[in-house]
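Open the structure in your viewer and keep the selection tool at hand. The stops below go from the whole chain to a few strands.

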Amino acid sequence: MIEPLLADDAFLADVADARRRGGMHLWWLGQSGFLVAHENSCALLDPYLSDSLTHKYAGSDKPHERMTRRVIDPRRLDFISVVTSSHHHTDHLDADTIRPLMQANPDLRLIVPEASRDFVAQRLNVATALPIGMDDETTVRVADFTFTGVPAAHETVERDAAGRCKFLGYVIRAGPWTIYHSGDTVLYDGMIDRLRQFEIDIALLPINGRATERRVGGNLSATEAAQLAHAIRARVVVPCHHEMFEFNTASPDPFIAECKRLGQRYQVLRAGQRISIGKND
């Protein structure tokens, strides 16, 4: 079992200390989950802070055995303003994570693809009107963050009968800084030009790639993630979607090698580790 760099009380202490300093701060929570703090607000991006998938697939031919210990019990995160879900897969929309967060944060807002609104409401047992539905180019401001939806291609760009994206990435503006959280995606036509316009400071990209024997939707490979970050001119890229499940992970070593080859700035985080941008950066 991989131990987080910081977990439980130590993690919460680091969050509190960073928030007192100002600027923008981001912690990797494992898989595609991140905590972002800016000013008086905190956002959680696709958090998976339970063992729901391990229990669901126990004894099956596709076991979801955890590789990294959980960073924090979601019930202890009582300072969250908004949670995003990029799509309906459980490691990105986990009821065992989001329901405790809603109990700990009565005013919590939830951002999801509009195409999944009914599904989300049913999974979380909430009113259909509660989630904020997003689509390609939809923009909404919640607390100190502005979110814009961009398509994600979990193999392909899929749309529902109304033409709405089933899988999204989010561009998140926090003061002068911009984060791109891709959700699960591969490269698609027009993606690079679309993302360049946002002048991304931090790109959060999956690196687990595509392997048919896994029988799950594919993502960018480690090398492709580095290349995409370089192509969209991201100031720094952080890899994710690895070191969570033994059957669906990848080494960050090829990502590191390709970033170095391209001259792309990067940071590989351990679960519970922070990256910060100060007011003068």
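The tour covers the overall chain and then one group of paired strands.

**Whole chain.** Start with everything selected; this is a predicted model. The protein chain has seven helices and 13 strands. Its radius of gyration is 17 Å, close to the 19 Å from the globule rule for 281 residues, so the chain is as compact as a globular protein of that length. Along the principal axes, the C-alpha trace spans about 45 × 45 × 40 Å.

**Surface and charges.** Switch on the surface: the accessible area is about 11700 Å², with 45% of it belonging to carbon and sulfur atoms. Of the 281 residues, 57% count as buried. Next, colour by charge; the mean positions of the 32 positive and 37 negative charges lie 3 Å apart.

**Strand β8.** Select residues 145-151, which make up strand β8. How many of the seven residues are buried? Six are, so β8 is largely enclosed by the rest of the structure.

**The β7 side.** Add residues 139-142, strand β7, which pairs with β8 in the antiparallel sense over four bridges. To find one of the bridges, pick Thr139; its partner in β8 is Thr148. The two strands form a hairpin with two residues between them. Click on Ala143 in the turn: its phi is positive, about 55°.

**The β9 side.** Now add residues 168-174, strand β9. β8 and β9 pair in the antiparallel sense over six bridges. Pick Phe147 and look across to β9, where its bridge partner is Ile172.

Methods. Residues are numbered from 1 along each chain as its sequence is written. This is a predicted model: local features need pLDDT of at least 70, side-chain atom pairs count only at pLDDT 80 or more; totals for chains, interfaces and linings use all residues. Side-chain values use heavy atoms; hydrogens and water are left out. The radius of gyration is taken over C-alpha atoms; the globule rule is 2.2 Å times the number of residues to the power 0.38. Buried means under 20% relative accessible area, exposed over 50%, partly exposed in between (1.4 Å probe, protein chains only). Accessible areas come from the Shrake-Rupley method with a 1.4 Å probe; for residues, only the protein chains shown count as cover. Lys and Arg count as positive and Asp and Glu as negative; His and the chain ends are not counted. The place of a charge is taken as NZ of Lys, CZ of Arg, CG of Asp or CD of Glu. Two strands pair if DSSP finds at least two bridges between them.
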